[in-house]
Amino acid sequence: MSRLKRLNIFSLLFKKREPILVEKEVAKLPYTMRPLLPKYKVVDEYWIREPFSKVYIASLPELGGAYAYFVSEVELMEEERRACDKLIDILSAELSPPEEEPVEDLKVHVLKEANRLIDKYNLTLGIPEESREKILYYVERDLLGFGPIHAMILDPNIEDISCEGVGKPVYVWHRRYEGLPSNLIFLDDRYLDDLVIKLTHIGGKHISTAFPIVDTMLYGKHRYVATFRKEVTPKGSTFTIRKFREEPFSIVELINYGTVTAKMAAYFWLLLENRMSVIIIGGTGAGKTTLLNALASLIKPSMKICTVEEIAELNLPHENWVQFVSRESYGVGGTASGAIPLFTLVKTTLRYRPDYIIVGEVRGEEAFVLFQALATGHGGMCTLHAEDVDYAIKRLTSPPMNVAEVYIPLMNVVVEVERVHLPKPVHGLHFGRRAREVSEIISHKEFVRIFEWDPLTDIYNSRLEDSILLRKIALKTGRTVRELLDEIERREIVLKWMAKRNIFDISDVAKVVSQYYMSPETIYGIAARELAIPIKLRVKAVDNLSSEASSNEDKEPNSEETEES
Ligand SMILES: Nc1ncnc2c1ncn2[C@@H]1O[C@H](COP(=O)(O)OP(=O)(O)O)[C@@H](O)[C@H]1O
Ligand SMILES: [Mg+2]
């Protein structure tokens, strides 16, 4: 119900301003979608919503052959546009609440109502039967959806969308073609302001001259940051949408993309079983949160996990998971109060006695509390914006984080992820995300590199045998390091088997992981049999360990296997 009411408000706010027309002047759209000219060379095309919206990637001579992103939507004739606007007005006034609660699907309900109202008012609206579907597409796009950026939001290949003001193309980041200018250009300041307001309201927040910056989440969990008018961005309103992937990447998918190898994943799997702490570092959009989520789903299903974030991005398969999200303050100016920052939430998680505390991204004093928690025996995971390990430690030990240097090794492993260019395309992509380095932290000055990505060959070198943490786990669990290495090898096989069997879905992967925790021999047996790997792994000779260690290369899934027994 309240969502419906909100819809009404949106549509009022977002009612298209008809430009005041001088007689005979053609109504001007407040934005333009530049057409795909015959001289452009189309390199890729796909439907977003057949037959209403389609995307073309084209090479433009005026950009020196660089690519651009073209959204092509079915067009409305002048009368159709007028009828559509009128219908949206009528809908805002007459939309009746759905009969049964809860509403199954808001979209289905609104479209049903739109159909009913077309039938009721078609004498006035004058919508010919063949235009009905087209108009309903625009009703959905403009009333429920995101207006002219709707197709980009629906396009699963788009990772982010950014608008830097009127008169400039909206830019998108495409999974396969990286950053591209789109053919969408906003022309009217007021229209863009209204769109920014509408999107802010969809995110349940407020934006105005007094509060010109907003950071929130749209439906579909897309992260939305915007500025209003010329308050802080002299060229007018701007926004960036970082799209959320509904189905988070599972660890098997990341192995498939080459972000980590099965061996690395198996290593983390063993560490996480033993409550080791992991910190993931990298730049914005490097894939830190994605990797964090995929790794965290390897944590034992029976463990209790508390996650703390500013925006709820994490999505874990665990039953025993408490999710905390920070809150901004209420009120205006000096009276603002009631903020609940990450710091407070991390402190709160301690009372829940979690096995793992996961902080989406540490930026401030919450890092201090997180390390306190690690010192008292909790497991921890987090991401941190930093280019390399040295810089990460500098950030951690300086204000406002202020983590004591002696506490640094409590974060046992650092993983550095980066968006990189690949020496040869993988799944047709020339760039990808790679966990470039995995290092165990001995002290704030000393690290042991366990995995390293080679940018020339796109292969990972591993020196698992140098691992200090495996020695630590061996001591703790009364097993030998060799046994642990074998265990990693078995898990590696299970992960490769999942990739081979196309078990990619995060919940399916979680099921196998959970079954492996319950009966490792059975799952490993199935995996090894299906991959035709001899079940009994031959144990490497002790004195071979160190000499073999540094030359051990870990390639694509299924490419290198264990020795015969
Ligand atoms: N390994 C990966 N392979 C392909 N796409 C990825 C990978 N990791 C992340 N992405 C995509 O990149 C975008 C940014 O990822 P995110 O994890 O939020 O980055 P960060 O937390 O470093 O800012 C998302 O759209 C996500 O789906
Ligand atoms: Mg992130």
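## Exercises on a predicted model

With 19 C-beta neighbours inside 10 Å, Arg275 counts as partly exposed. The model used in these exercises is predicted.

**Exercise 1.** Decide whether His427 is buried, partly exposed or exposed, and state where His427 lies.

Solution. Start with the cut-off: a residue is exposed if 12 or fewer other C-beta atoms lie within 10 Å of its own. His427 has 9 C-beta neighbours inside 10 Å, so His427 counts as exposed. As for its place, His427 sits in the loop between S16 and strand S17 (429–441).

**Exercise 2.** Find the sign of phi in Arg275 and in His427.

Solution. Begin with the usual case: most residues other than glycine have a negative phi. For Arg275, phi is near 60°, a positive value. This residue belongs to the loop between helix H8 (262–273) and strand S11 (278–282). For His427, phi is near 50°, again positive.

**Exercise 3.** Locate the cis peptide bonds before Pro51 and Pro400.

Solution. Most peptide bonds are trans. Glu50 and Pro51 are joined by a cis bond with omega about -5°; Pro51 is in the loop between strand S2 (41–49) and strand S3 (53–59). The bond from Pro399 to Pro400 is also cis, with omega near 0°. Pro400 is found in the loop between helix H12 (389–397) and strand S16 (413–426).

**Exercise 4.** Describe the shell around ligand 1.

Solution. First, count: 17 residues surround ligand 1, and Thr259, Gly287, Lys288, Thr289 and Thr290 are the closest. Next, sort by class: 4 are nonpolar, 8 polar and 5 charged. Last, look at the helices: H7 (251–257) and H9 (288–296) each supply at least two residues, and H9 gives the most, with 3.

How values were computed
Residues are numbered from 1 along each chain as its sequence is written. Chains are lettered from A and ligands numbered from 1 in the order in which they are written. This is a predicted model: local features need pLDDT of at least 70, side-chain atom pairs count only at pLDDT 80 or more; totals for chains, interfaces and linings use all residues. A residue is near a molecule or strand if its C-beta atom, placed from the backbone, lies within 6 Å of it. Helices (H or I, at least four residues) and strands (E, at least two) are DSSP runs, numbered from the N terminus. Ala, Val, Leu, Ile, Met, Phe, Trp, Tyr, Cys and Pro count as nonpolar, Asp, Glu, Lys and Arg as charged, and the others, Gly among them, as polar. A residue is buried if 20 or more other C-beta atoms lie within 10 Å of its own, exposed if 12 or fewer, and partly exposed in between; C-beta atoms are placed from the backbone.
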